[in-house]
Amino acid sequence: MPSHPLRVAVVCSSNQNRSMEAHNILSKRGFEVRSFGTGSHVKLPGPAPDKPNVYDFKTTYEQMYNDLVRKDKELYTQNGILHMLDRNKRIKVRPERFQNCKDQFDLVITCEERVYDQVLEDLNSREQETFQPVHVINVDIQDNHEEATLGAFLICELCQCIQHTDDMENEMDELLQEFEEKSSRPFLHTVCFY
């Protein structure tokens, strides 16, 4: 078992739904967790699929919330976006971009393969300093409220199992295989170094 709590990063595209739901659950379970997005901008559903609300990563959840209330409170209440932003602003001030964070983690969990590829590209482009391993694991989670909740509980269960392994480096593949069979979801896994 690791001598310190697992340092976990959960990453989706905009640091709004999937990563924030997992961040919320993991932090309540005592994990040292941060959440991120990898996109160039934060995108939230708009009045039509081709008209998303686009924000800079520097925009706070409170500012997004107020902007959407001003634009169409009824629409964004009905589709759950205001509820999601309300949850988010209780967890942290604003979304964060993974590529701008230089902190080290034991485990980086991504919520879709495209994000997994972006995280690997970023980690592999960094200069190795400590040669500490970081396990990057992808769990495909659809970007809707229900799947984000189910995915967050799956991520939490995975983190709890990893936290209780005696030898994370040697037990990871077997553990992920068990989770794949149990959840009927494919998991991707790569080890990078800091």
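Start by selecting strands S1 and S2 (residues 32-37): six bridges join the two, and the strands run parallel. Strands here are DSSP runs of E with at least two residues, helices are DSSP runs of H or I with at least four residues, and both are numbered from the N terminus. Two strands count as paired if DSSP finds at least two bridges between them. The model is predicted, so local features need pLDDT of at least 70 and side-chain atom pairs count only at pLDDT 80 or more, while totals for chains, interfaces and linings use all residues. Residues are numbered from 1 along each chain as its sequence is written, and side-chain values use heavy atoms, with hydrogens and water left out.

**The first unit**

Stay on the S1 and S2 pair and pick Val8; its bridge partner in S2 is Val33. Now add helix H1 (residues 18-28), which together with S1 and S2 makes a right-handed β-α-β unit. A crossover is right-handed if, with the strands pointing away from the viewer, the path from the first strand over the helix to the second runs clockwise.

**The whole chain**

Zoom out to the full protein, which has six helices and seven strands. From the N terminus on, the elements run β-α-β-β-β-α-α-β-α-β-α-α-β. The radius of gyration is 17 Å, close to the 16 Å that the globule rule gives for 194 residues, so the protein is as compact as a globular protein of that length. That radius is taken over C-alpha atoms, and the globule rule is 2.2 Å times the number of residues to the power 0.38. Along the principal axes, the C-alpha atoms fill a box of roughly 50 × 35 × 30 Å. Of the 194 residues, 49% are buried. Buried means under 20% relative accessible area, exposed means over 50%, and partly exposed lies in between (1.4 Å probe, protein chains only).

**Strand S5 and its neighbours**

Select strand S5 (residues 107-110). Leu107 and Ile109 point one way from S5, Val108 and Thr110 point the other way, and all are buried. On to the partners of S5: four bridges join strand S1 (residues 7-12) to S5, and the two run parallel. Strand S6 (residues 133-139) is also joined to S5 by four bridges, again in parallel. Val108 is a useful residue to click on: Ala9 stands opposite Val108, and Val108 stands opposite Val136 in S6.

Next show helix H4 (residues 113-125), which contains Glu121. S5, H4 and S6 make a right-handed β-α-β unit. Glu121 counts as exposed, at 58% relative accessibility. Draw a distance from the C-alpha atom of Glu121 to that of His135: the two are 14 residues apart along the chain and are separated by 14 Å.

**Salt bridges**

Side chains of opposite charge can pair when their charged atoms come close. A salt bridge here is a side-chain nitrogen of Lys or Arg within 4 Å of a carboxyl oxygen of Asp or Glu. By this rule the count comes to 16.

Select Arg34 and Asp103, whose side chains meet in a salt bridge (2.2 Å, N to O). Arg34 lies in strand S2 and Asp103 in the loop between helix H3 (81-91) and S5, so the pair ties together parts that are 69 residues apart in sequence. Arg34 is partly exposed at 24% relative accessibility, and Asp103 is partly exposed at 39%.

Move to helix H2 (residues 61-78), where Asp67 and Lys71 are four residues apart, separated by about one helical turn. Their side chains meet in a salt bridge (3.1 Å, N to O). Asp67 is buried, with a relative accessible area of 14%, whereas Lys71 is partly exposed at 42%.

Then select Glu147 and Arg185, a salt bridge with its closest N and O atoms 3.3 Å apart. Glu147 is in helix H5 (residues 145-163) and Arg185 in the loop between helix H6 (168-183) and S7, so this pair links distant parts of the chain, 38 residues apart. Both residues are buried.

Lastly for charges, select Arg18, Glu112, Arg114 and Asp143, which are linked in a network of salt bridges.

**A nonpolar patch**

End on the surface. Phe131, Val191 and Phe193 form a nonpolar patch there, with about 270 Å² of accessible area together. Patches are made of residues with over 30% relative accessible area and no salt bridge; like charges are joined within 9 Å and nonpolar side chains (Val, Leu, Ile, Met, Phe, Trp, Tyr) within 5 Å. Accessible areas come from the Shrake-Rupley method with a 1.4 Å probe, and for residues only the protein chains shown count as cover. Phe193 is found in strand S7 (residues 187-193) and is partly exposed, with a relative accessible area of 37%.
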